[in-house]
Amino acid sequence: MDYYRMLGVVLLSLLAYTKAEQVKFVDCGSAEGKVAEVDIHPCPSQPCQLHKGQSYTVNVTFTSSVASETSTAVVHGVVVGIPVPFPIPQSDGCKSGIQCPIEPQKAYTYINQLPVKNEYPAIKLVVEWELRDDSSKDLFCIKFPVQIVN
């Protein structure tokens, strides 16, 4: 069973990588790691236009500088400087393309979905995406602008 789950994650990662658009991002405090690349699919232009009722694949390639048994994602939409929780379907990074435990100096590809609910307002905002280690320090913290559209 684990073999098929891992195979599915690998195939999804490859698909996301081949069809994804590299986006410009700002590192907002990656204390325990270094981000190499951020891809979002579909995102043909920037800022990414996120259509209500659709889901987007977010793919972050990073290197950890620490060991960690777990990883937890926390996502916010920052509107006029105020962070608003942005729920994602899977907050466990170890179920999002990363094989845990996380080892120092090893590169990882984190992949998750960013669903855009129909009830979200049409607005420009900044997404802040953190992946935290065992001690709640950021393996990565990135910010990228988006625009929610109908």
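Okay, one term before we start: buried means under 20% relative accessible area, exposed means over 50%, and partly exposed is whatever falls in between. I'll lean on that throughout. Take Arg-132: at 26% relative accessible area, Arg-132 is partly exposed because that value sits in the in-between range. And keep in mind that what you're looking at is a predicted model.

So, the overall layout. We've got one helix and ten strands. If you walk along the sequence, the helix comes up front and the strands follow, α-β-β-β-β-β-β-β-β-β-β. The protein has 150 residues, and 41% of them are buried. The accessible surface comes to about 8100 Å², with 56% of that belonging to carbon and sulfur atoms. Now look at contacts between residues at least 6 apart in sequence: 66% of those join residues at least 24 apart.

Let's go to the charges. Side chains of opposite charge can pair when their charged atoms come close. The structure holds four salt bridges, and I'll start with Glu-32 and Lys-137. Their side chains meet at 3.9 Å, N to O. That counts as a salt bridge because the cut-off is 4 Å. This pair links distant parts of the chain: Glu-32 is in the loop between strand 2 and strand 3, Lys-137 is in the loop between strand 9 and strand 10, and they're 105 residues apart. Even so, their C-alpha atoms are separated by 6.7 Å.

Buried or exposed, what is Glu-32? Buried, since its relative accessible area is 12%. Its partner, Lys-137, is partly exposed at 44%. And what does Glu-32 touch, leaving out residues up to four places away in sequence? There's a run of Thr-63, Ser-64, Ser-65 and Val-66, and then Asp-133, Lys-137, Asp-138 and Leu-139.

Another salt bridge to click on is Glu-128 with Lys-143, where the closest N and O atoms are 3.5 Å apart. Here Glu-128 is in strand 9 and Lys-143 is in strand 10, 15 residues apart. The acid is buried, with Glu-128 at 15% relative accessibility, while Lys-143 at 30% is partly exposed.

Back to Arg-132, then. The side chains of Arg-132 and Glu-130 meet in a salt bridge at 3.3 Å, N to O. Glu-130 counts as buried, because its relative accessibility is 8%. There's a third member here too: Glu-130, Arg-132 and Asp-138 are linked in a network of salt bridges. You've heard Asp-138 already, by the way, as one of the residues that Glu-32 touches.

On to the rings. How many aromatic pairs turn up in a search of the whole structure? Five. One of them is Phe-86 with Tyr-120, 5.2 Å centre to centre and with 70° between the planes. That makes the pair edge-to-face, because the planes are over 60 degrees apart. It's another link between distant parts of the chain: Phe-86 is in the loop between strand 7 and strand 8, Tyr-120 is in the loop between strand 8 and strand 9, and 34 residues separate them. Both partners come out buried, with Phe-86 at 8% and Tyr-120 at 15%. There's also a cluster to find, where ring pairs link Phe-62, Tyr-108, Tyr-110, Trp-129 and Phe-140.

A quick stop at Thr-57, in strand 5, which covers residues 55-64. Thr-57 is buried, at 12% relative accessibility. Which side chain does Thr-57 join in a polar contact of 3.0 Å? That's Gln-113.

Last stop, the outside. Val-80, Ile-82 and Val-84 make a nonpolar surface patch of about 310 Å². Ile-82 is found in strand 7, residues 82-85. At 51% relative accessible area, Ile-82 counts as exposed, because the cut-off is over 50%.

If you open the model yourselves, I'd go to Glu-32 and Lys-137 for the salt bridge between two loops, then Phe-86 and Tyr-120 for the edge-to-face rings, and then the patch with Val-80, Ile-82 and Val-84. That's me done, thanks.

Terms used
Residues numbered from 1 in each chain as written. Predicted model: local features only at pLDDT ≥ 70, side-chain atom pairs only at ≥ 80, totals over all residues. Heavy atoms only, no water. Patch = residues over 30% accessible without salt bridge, like charges linked within 9 Å, V, L, I, M, F, W, Y side chains within 5 Å. Areas by Shrake-Rupley, 256 points an atom, 1.4 Å probe, with all protein chains shown as cover. Helix = DSSP H or I, 4+ residues; strand = E, 2+ residues; numbered from the N terminus. Buried < 20%, exposed > 50% of the residue type's maximum accessible area, 1.4 Å probe, protein only. Polar contact = N/O pair within 3.5 Å; in protein donor to acceptor, adjacent residues only side chain to side chain. Phe/Tyr/Trp six-rings, centres within 6.5 Å; stacked < 30°, edge-to-face > 60°. Contact = heavy atoms within 4.5 Å.
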